[in-house]
Each structure stands twice: as structure tokens, then as C-alpha cells.
Amino acid sequence: MFTSEDFKFNGMKASSFGLKLIRMDSSMFVEEPIAGNANLTEIDFINDFKPYLYKVRRSPIEFNLQLALVDAGDRPVEWTLEKKRAVYNWLFHNSYQELVFDDEPDVYYYAMALGDLKLKTNYGKGYIEANFRTNSPYAWSKPETVVINGSASVATEGFLLSIANKPKP
């Protein structure tokens, strides 16, 4: 997920806006959220040292992306008012949008940019930080369609088997 420099959100590539996924922390490691936090509901009984697990609720995945505005040679470009508006309109919606990273094109997230978009610049050049929240504690796989042709129990023209989209652990 966070090793590529480009991704697609709401049907549009970040690179089409001149944006590149970057990391501005000092760590050499890439932090990648795999699943949401688990919130346990337990019940304690009198004279029992072990709590009873009632239910587990997982929180949706939340992560931060840092996007730099660069030219074709990866040199920083100044953030104009028009570019700020275009990026804002691309990122902010009132519903979850499809999010796919280039390094894992078969893994889908349905995410929403939260309202705390931050532009960090030096003389007009810099990067934005955007916090995202997904609709699920897991990533999703693309729906699969399988066509099975001719067997003893199936008509010769075959049939369509549609497999429901499910969380990808």
C-alpha cells in the first residue's frame, strides 16, 4: 500500500494533478495499516478471574497521506490557488470513494478524506497532508466473475458464477 508513488482515488490518478505520494518522516520504514483496532466488550462475573468476551468490534482503517506537487522531473512546483481548489475538490466528498494504490492494484479501499487537510509550504512549494478513513477494518478485493463451461452437470453453454465482494484480511 504505501510503497508506490501514485494511487487512484475517486477514479482519478494523483499523478494527473501533478501529485506524488511522499514520506516526510525520518524513519526508513514504511508504516502500513493492515486492519483496524479491535475494541473488546467483556463481562466480568463475580468470583471468576477470567472475563467473558461478549463481542469484538473492529474500527475502520485510518491513515495519513503526504502528497507533493511536482513537475515531470520530480522538482517541487508552487501551489497556486487553482491547484489547491482542484486537489480539494478531488479529495473531499460526502461519501466513501474507491482508493487503489499502484503497488497493489487488486486491493481496494473505500475511503473518505477527513476535514483536516494541511498544506505545508516553504515559499509556496511543499506538500499536503490528508487524513483518510475507510468504511471497513479491512481492504477489499475486486469482485470476481467466473465462467464455467461444459461438464456433465452443466449445460454446454456454461453458466455465470458471481462471487460476492468480501473483506481481504
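Ile43 sits in strand β4, which spans residues 38–43. The model described here is predicted. At the surface, Ile43 joins Phe45, Tyr52 and Tyr54 in a nonpolar patch. Together these residues have about 440 Å² of accessible area. Ile43 counts as partly exposed, because its relative accessibility is 34% and the partly exposed class runs from 20% to 50%.

Other nonpolar residues lie inside. In soluble globular proteins, nonpolar side chains tend to be buried together. The largest nonpolar core in this model has 26 residues. Within that core, Phe7, Leu19, Trp90, Leu91 and Phe132 touch the most other members. Several elements give two or more residues to the core. The strands among them are β1 (7–9), β3 (19–22), β6 (62–69), β7 (97–101), β8 (107–113) and β10 (125–134). Helix α1 (81–91) also contributes at this level.

Phe132 shows how such a core residue is surrounded. Neighbours within four places in sequence are left aside here. Phe132 is then in contact with Phe9, Ile61, Glu62, Phe63 and Leu65, among others. The remaining contacts of Phe132 are Leu91, Ala111, Met112 and Ala113. Leu91 is also one of the core residues that touch the most other members.

The backbone was examined next. Most residues other than glycine have a negative phi. Asn10 has a positive phi, near 55°. Asn10 lies in the loop between β1 and β2, the latter covering residues 12–13. With 29% relative accessibility, Asn10 is classed as partly exposed. Tyr123 also has a positive phi, of about 60°, and is not a glycine. Tyr123 is found in the loop between β9 (118–122) and β10. Tyr123 counts as exposed, because its relative accessibility is 78% and exposed means over 50%.

Charged side chains were considered last. Side chains of opposite charge can pair when their charged atoms come close. The structure holds seven salt bridges. One of them joins Asp6 and Lys13, with the closest N and O atoms 3.8 Å apart. Asp6 counts as buried, because its relative accessibility is 12% and buried means under 20%. Lys13 is partly exposed, at 32% relative accessibility.

A second salt bridge brings together the side chains of Lys20 and Asp74, at 2.5 Å from N to O. This pair links distant parts of the chain, 54 residues apart. Lys20 belongs to strand β3, whereas Asp74 lies in the loop between β6 and α1. Lys20 is buried, with 15% relative accessibility. Asp74 is partly exposed, with 43%.

A third pair is Arg133 and Glu62, whose closest N and O atoms are 2.8 Å apart. Arg133 lies in strand β10 and Glu62 in strand β6, so the salt bridge ties together parts that are 71 residues apart in sequence. Both partners count as partly exposed: Arg133 has 30% relative accessibility, and Glu62 has 46%. Finally, salt bridges with shared partners join Glu5, Lys20 and Asp74 into one network.

How values were computed
Residues are numbered from 1 along each chain as its sequence is written. This is a predicted model: local features need pLDDT of at least 70, side-chain atom pairs count only at pLDDT 80 or more; totals for chains, interfaces and linings use all residues. Side-chain values use heavy atoms; hydrogens and water are left out. Patches are made of residues with over 30% relative accessible area and no salt bridge: like charges are joined within 9 Å, nonpolar side chains (Val, Leu, Ile, Met, Phe, Trp, Tyr) within 5 Å. Accessible areas come from the Shrake-Rupley method with a 1.4 Å probe; for residues, only the protein chains shown count as cover. A salt bridge is a side-chain nitrogen of Lys or Arg within 4 Å of a carboxyl oxygen of Asp or Glu. Helices (H or I, at least four residues) and strands (E, at least two) are DSSP runs, numbered from the N terminus. Buried means under 20% relative accessible area, exposed over 50%, partly exposed in between (1.4 Å probe, protein chains only). A nonpolar core is a set of buried Ala, Val, Leu, Ile, Met, Phe, Trp, Tyr and Cys residues joined through side-chain atoms within 4.5 Å. Contact means heavy atoms within 4.5 Å.
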